[in-house]
Amino acid sequence: MALAKRPPPDLFKLATNAWTQPFWDAAAQHRLVVAQCGTCGTCRMPPTPFCPACQSQQIDWKTLSGLGEIYTYTIVDRAILPGMADHLPYVPAVITLEGGGGVRLISNVVDVALAELAIGMPVQVVWDDLREGVAVPRFRPYIA
Ligand SMILES: [Zn+2]
(Lines give C-alpha, C1' and ligand atoms only; values in the text may rest on other atoms or scores of the structure.)
Protein backbone atom coordinates (compact mmCIF):
# COMPACT_ATOMS: atom_id res chain seq x y z
CA MET A 1 0.00 0.00 0.00
CA ALA A 2 1.44 3.37 -1.05
CA LEU A 3 2.43 5.73 1.74
CA ALA A 4 2.26 9.52 1.38
CA LYS A 5 5.76 10.97 1.18
CA ARG A 6 7.09 14.48 1.61
CA PRO A 7 7.43 16.90 -1.29
CA PRO A 8 10.99 17.76 -2.36
CA PRO A 9 12.44 20.07 0.32
CA ASP A 10 14.07 22.33 -2.27
CA LEU A 11 10.61 23.19 -3.60
CA PHE A 12 9.95 25.00 -0.34
CA LYS A 13 10.88 28.67 -0.65
CA LEU A 14 10.34 30.69 2.49
CA ALA A 15 9.63 34.39 2.02
CA THR A 16 8.49 36.18 5.15
CA ASN A 17 7.45 39.70 6.07
CA ALA A 18 6.74 41.52 9.32
CA TRP A 19 3.29 39.90 9.52
CA THR A 20 4.33 36.32 8.86
CA GLN A 21 7.75 36.18 10.55
CA PRO A 22 6.33 35.37 14.03
CA PHE A 23 4.63 32.27 12.59
CA TRP A 24 7.96 31.00 11.22
CA ASP A 25 9.87 31.95 14.39
CA ALA A 26 7.43 29.78 16.37
CA ALA A 27 7.66 27.00 13.76
CA ALA A 28 11.43 26.92 14.15
CA GLN A 29 10.72 26.09 17.82
CA HIS A 30 8.14 23.47 16.75
CA ARG A 31 5.20 25.51 18.01
CA LEU A 32 2.14 25.85 15.79
CA VAL A 33 0.63 29.30 16.26
CA VAL A 34 -2.17 31.33 14.76
CA ALA A 35 -2.67 35.07 14.52
CA GLN A 36 -5.51 36.12 16.80
CA CYS A 37 -6.89 39.65 16.75
CA GLY A 38 -5.86 41.46 19.92
CA THR A 39 -9.04 43.52 19.81
CA CYS A 40 -11.89 41.13 18.95
CA GLY A 41 -10.29 37.66 19.18
CA THR A 42 -10.91 36.59 15.58
CA CYS A 43 -8.23 34.19 14.32
CA ARG A 44 -6.81 34.61 10.86
CA MET A 45 -4.50 32.67 8.59
CA PRO A 46 -2.49 33.93 6.86
CA PRO A 47 -1.64 36.66 9.38
CA THR A 48 -2.72 39.67 7.34
CA PRO A 49 -2.10 43.24 8.57
CA PHE A 50 -5.76 43.97 9.32
CA CYS A 51 -8.32 41.86 11.15
CA PRO A 52 -11.06 40.95 8.63
CA ALA A 53 -13.69 41.37 11.34
CA CYS A 54 -12.74 44.68 12.97
CA GLN A 55 -9.74 46.04 10.99
CA SER A 56 -7.54 46.14 14.09
CA GLN A 57 -3.80 45.64 13.58
CA GLN A 58 -3.30 44.16 17.07
CA ILE A 59 -2.13 40.54 16.88
CA ASP A 60 -1.69 38.00 19.65
CA TRP A 61 0.07 34.79 18.67
CA LYS A 62 -1.92 31.89 20.07
CA THR A 63 -0.17 28.53 20.47
CA LEU A 64 -2.35 25.69 19.22
CA SER A 65 -2.48 22.02 20.20
CA GLY A 66 -1.14 20.88 16.83
CA LEU A 67 -4.24 18.76 16.27
CA GLY A 68 -6.65 19.25 13.42
CA GLU A 69 -8.54 17.52 10.70
CA ILE A 70 -8.30 17.20 6.94
CA TYR A 71 -10.61 19.70 5.26
CA THR A 72 -9.59 18.63 1.77
CA TYR A 73 -6.61 17.06 0.01
CA THR A 74 -5.26 15.87 -3.30
CA ILE A 75 -2.74 13.21 -4.26
CA VAL A 76 0.21 14.23 -6.44
CA ASP A 77 1.47 11.15 -8.26
CA ARG A 78 3.11 12.65 -11.34
CA ALA A 79 6.47 14.37 -11.43
CA ILE A 80 5.69 17.75 -12.91
CA LEU A 81 9.24 18.96 -12.23
CA PRO A 82 12.58 17.18 -12.53
CA GLY A 83 13.66 15.68 -9.22
CA MET A 84 10.16 15.00 -7.94
CA ALA A 85 9.95 11.35 -8.91
CA ASP A 86 11.55 10.09 -5.69
CA HIS A 87 9.03 12.08 -3.62
CA LEU A 88 5.83 10.64 -5.06
CA PRO A 89 3.14 10.28 -4.08
CA TYR A 90 2.67 13.25 -1.80
CA VAL A 91 -0.50 14.79 -0.44
CA PRO A 92 -1.09 18.54 -0.34
CA ALA A 93 -3.93 19.19 2.07
CA VAL A 94 -5.93 21.91 3.78
CA ILE A 95 -6.04 21.33 7.53
CA THR A 96 -8.62 22.83 9.89
CA LEU A 97 -6.68 23.66 13.06
CA GLU A 98 -8.08 22.73 16.48
CA GLY A 99 -8.51 25.85 18.61
CA GLY A 100 -7.95 28.10 15.62
CA GLY A 101 -11.46 29.50 15.36
CA GLY A 102 -12.03 27.77 12.05
CA VAL A 103 -8.80 28.81 10.32
CA ARG A 104 -7.15 26.39 7.96
CA LEU A 105 -3.55 25.82 6.97
CA ILE A 106 -2.29 24.55 3.63
CA SER A 107 0.20 21.79 4.35
CA ASN A 108 0.88 18.14 3.53
CA VAL A 109 -0.32 14.90 5.04
CA VAL A 110 2.57 12.45 5.42
CA ASP A 111 3.15 8.91 6.66
CA VAL A 112 -0.35 7.76 5.80
CA ALA A 113 -1.54 5.01 3.48
CA LEU A 114 -3.27 6.67 0.55
CA ALA A 115 -6.23 4.31 0.88
CA GLU A 116 -6.81 5.58 4.44
CA LEU A 117 -6.97 9.28 3.52
CA ALA A 118 -10.36 10.83 4.21
CA ILE A 119 -11.97 14.21 4.60
CA GLY A 120 -12.37 14.79 8.34
CA MET A 121 -9.49 12.49 9.29
CA PRO A 122 -7.96 13.61 12.63
CA VAL A 123 -4.33 14.65 12.19
CA GLN A 124 -1.50 16.00 14.30
CA VAL A 125 1.39 18.24 13.40
CA VAL A 126 4.87 16.87 12.74
CA TRP A 127 7.81 19.16 12.10
CA ASP A 128 10.19 18.89 9.20
CA ASP A 129 13.44 20.72 9.89
CA LEU A 130 14.40 21.68 6.36
CA ARG A 131 17.46 23.74 7.25
CA GLU A 132 18.86 25.79 10.11
CA GLY A 133 16.04 27.87 11.59
CA VAL A 134 13.40 26.66 9.12
CA ALA A 135 10.85 24.07 10.20
CA VAL A 136 7.72 23.29 8.21
CA PRO A 137 4.53 21.93 9.76
CA ARG A 138 3.17 18.78 8.14
CA PHE A 139 0.44 16.49 9.45
CA ARG A 140 0.08 12.78 10.03
CA PRO A 141 -2.87 10.71 11.23
CA TYR A 142 -3.68 11.27 14.88
CA ILE A 143 -4.43 8.28 16.99
CA ALA A 144 -5.71 9.22 20.44
ZN1 LIG B 1 -10.61 41.95 15.21
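In the predicted model, Gln36 has Cys43 of strand β2 as its bridge partner. This pair belongs to the contact between β2 and strand β1, the latter comprising residues 33–37. Two bridges join β1 to β2, and the two strands run antiparallel.

The pairing of β1 and β2 forms part of an open sheet of three strands, arranged in the order β2-β1-β3 with antiparallel pairing. The edges of this sheet are occupied by β2, residues 43–44, and by β3, residues 59–63. Each of these edge strands pairs on one side only, whereas β1 stands between β2 and β3 in the strand order.

With respect to overall secondary structure, the chain contains one helix and eight strands. The helix comes at the N-terminal end of the series, and the strands follow it, giving the succession α-β-β-β-β-β-β-β-β. The radius of gyration of the chain is 16 Å, close to the 15 Å that the globule rule gives for 144 residues, and the chain is therefore as compact as a globular protein of that length.

The dimensions of the fold were also computed along its principal axes, where the C-alpha trace spans about 50 × 30 × 25 Å. Burial was assessed over the whole chain: 24% of its 144 residues count as buried. As to the sequence range of the contacts, those between residues at least 6 apart in sequence were considered, and 58% of them join residues at least 24 apart.

Notes. Residues are numbered from 1 along each chain as its sequence is written. This is a predicted model: local features need pLDDT of at least 70, side-chain atom pairs count only at pLDDT 80 or more; totals for chains, interfaces and linings use all residues. Helices (H or I, at least four residues) and strands (E, at least two) are DSSP runs, numbered from the N terminus. The radius of gyration is taken over C-alpha atoms; the globule rule is 2.2 Å times the number of residues to the power 0.38. A residue is buried if 20 or more other C-beta atoms lie within 10 Å of its own, exposed if 12 or fewer, and partly exposed in between; C-beta atoms are placed from the backbone. Two residues are in contact if their C-beta atoms, placed from the backbone, lie within 7 Å. Two strands pair if DSSP finds at least two bridges between them.
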